[in-house]
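Reader: I have a model open on my screen and a few labels I would like to understand. Could you walk me through them?

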Amino acid sequence: MQTVTEQMPEQTKIATPKIVLWVALASIVMLFAGLTSGYMVRQAEGNWDIIDIPKAFYISTGIIIASSLSMILAQRSARKNKIGDIKFWMITTLGLGLAFIFSQFLGYNALVAQGVYLSGGNISGSFFYIITALHAAHVIGGILALIFTSAKSVLDKYNSTNYLGIELCATYWHFMGFLWLYLFVFLAAIR
């Protein structure tokens, strides 16, 4: 007797790593939904300083958009079996991810120069740091995935029939990009 999974056509199966990734992304959504909700509730109570968002955060927004585009090109290269292009676009995405983290660091330095601190000042600064730093921590997780995936691409481990690692990495990376865009607009608009 055949089991249900044996009867299913190959193309309808969902890889277990994809399911695990989507569950993890759902938990990240819940984390940031709670933080942004808390931000709005606390802001409504008063005693809230308006933070001028440093230019470095605008630059990092452009960088993360560019990194998402380079990741799309890496995915497309994998589907078309362009091995050299996979390597180039994966390493480019990794470099842009590192540039994003560096620009965030510059943004934090600019906040300190403005007198905005994680603690000891107004609670608005604490919320700003916590929200952006938690996002940066998740981006660092994405950078680790990019390092691993880029290394595998350099070793020619991906092709048009085997690129699940790139797809998983891309899903997470695009999610981090969309999350940053949401947070950036949120922090810029809800001040």
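Author: Gladly! Let's start with what a helix is here: a DSSP run of H or I with at least four residues, numbered from the N terminus. By that numbering, Asn81 sits in the loop between α3 and α4. Do keep in mind that this is a predicted model.

Reader: What makes Asn81 count as partly exposed?

Author: The label partly exposed covers relative accessible areas between the 20% and 50% cut-offs. Asn81 has 38% relative accessibility, so it counts as partly exposed. Its backbone is worth a look too: Asn81 has a positive phi of about 60° although it is not a glycine.

Reader: Why point out a positive phi?

Author: Because most residues other than glycine have a negative phi. Asn47 is another case, with a positive phi of about 50° although it is not a glycine either. You will find Asn47 in the loop between α2 (16-44) and α3.

Reader: How do you know whether Asn47 is buried or exposed?

Author: Exposed means over 50% relative accessible area. Asn47 has 60%, so Asn47 is exposed.

Reader: And what label does Ile72 get for its accessible area?

Author: Ile72 lies in helix α3. Its relative accessible area is 34%, and because that falls between the two cut-offs, Ile72 is partly exposed. In space, Ile72 is 9.9 Å from Ile166, C-alpha to C-alpha, although 94 residues separate the two in sequence.

Reader: Now the helices. Why are α3 and α4 called roughly antiparallel?

Author: Helix α3 (residues 55-79) and helix α4 (residues 83-114) pack at an angle of about 165°, with their axes 8 Å apart. Angles over 145 degrees count as roughly antiparallel, so α3 and α4 earn that name. Their contact comprises 18 nonpolar residues, nine polar and one charged. As for handedness, α3 and α4 cross in a left-handed way.

Reader: What makes an empty space in the model a cavity?

Author: A cavity is a set of points where a 1.4 Å probe fits but cannot get out. The structure holds one cavity of 30 Å³ or more. The largest cavity has about 40 Å³ of space.

Reader: Which residues line the largest cavity?

Author: The lining is made up of Tyr39, Trp48, Asp49, Ile50, Ile51, Ser124, Phe128, Leu187 and Arg191. By class, six of the lining residues are nonpolar, one is polar and two are charged.

Key:
Residues are numbered from 1 along each chain as its sequence is written. This is a predicted model: local features need pLDDT of at least 70, side-chain atom pairs count only at pLDDT 80 or more; totals for chains, interfaces and linings use all residues. Side-chain values use heavy atoms; hydrogens and water are left out. Axes are lines fitted to C-alpha atoms, for helices over the stretch in contact, and angles run from 0 to 180 degrees between N-to-C directions. Helices (H or I, at least four residues) and strands (E, at least two) are DSSP runs, numbered from the N terminus. Angles under 35 degrees count as roughly parallel, over 145 as roughly antiparallel, 65 to 115 as roughly perpendicular and the rest as oblique. A crossing is left-handed if the near helix is turned anticlockwise from the far one by less than a right angle, and right-handed if clockwise. Ala, Val, Leu, Ile, Met, Phe, Trp, Tyr, Cys and Pro count as nonpolar, Asp, Glu, Lys and Arg as charged, and the others, Gly among them, as polar. On a 1 Å grid over the protein atoms alone, a cavity is a set of points where a 1.4 Å probe fits but cannot get out, and a pocket is an open set with protein on both sides within 12 Å along at least five of seven lines; lining residues have an atom within 4 Å of a point. Grid points are joined across faces, edges and corners, and a volume is the space filled by probe spheres set on the points. Buried means under 20% relative accessible area, exposed over 50%, partly exposed in between (1.4 Å probe, protein chains only).
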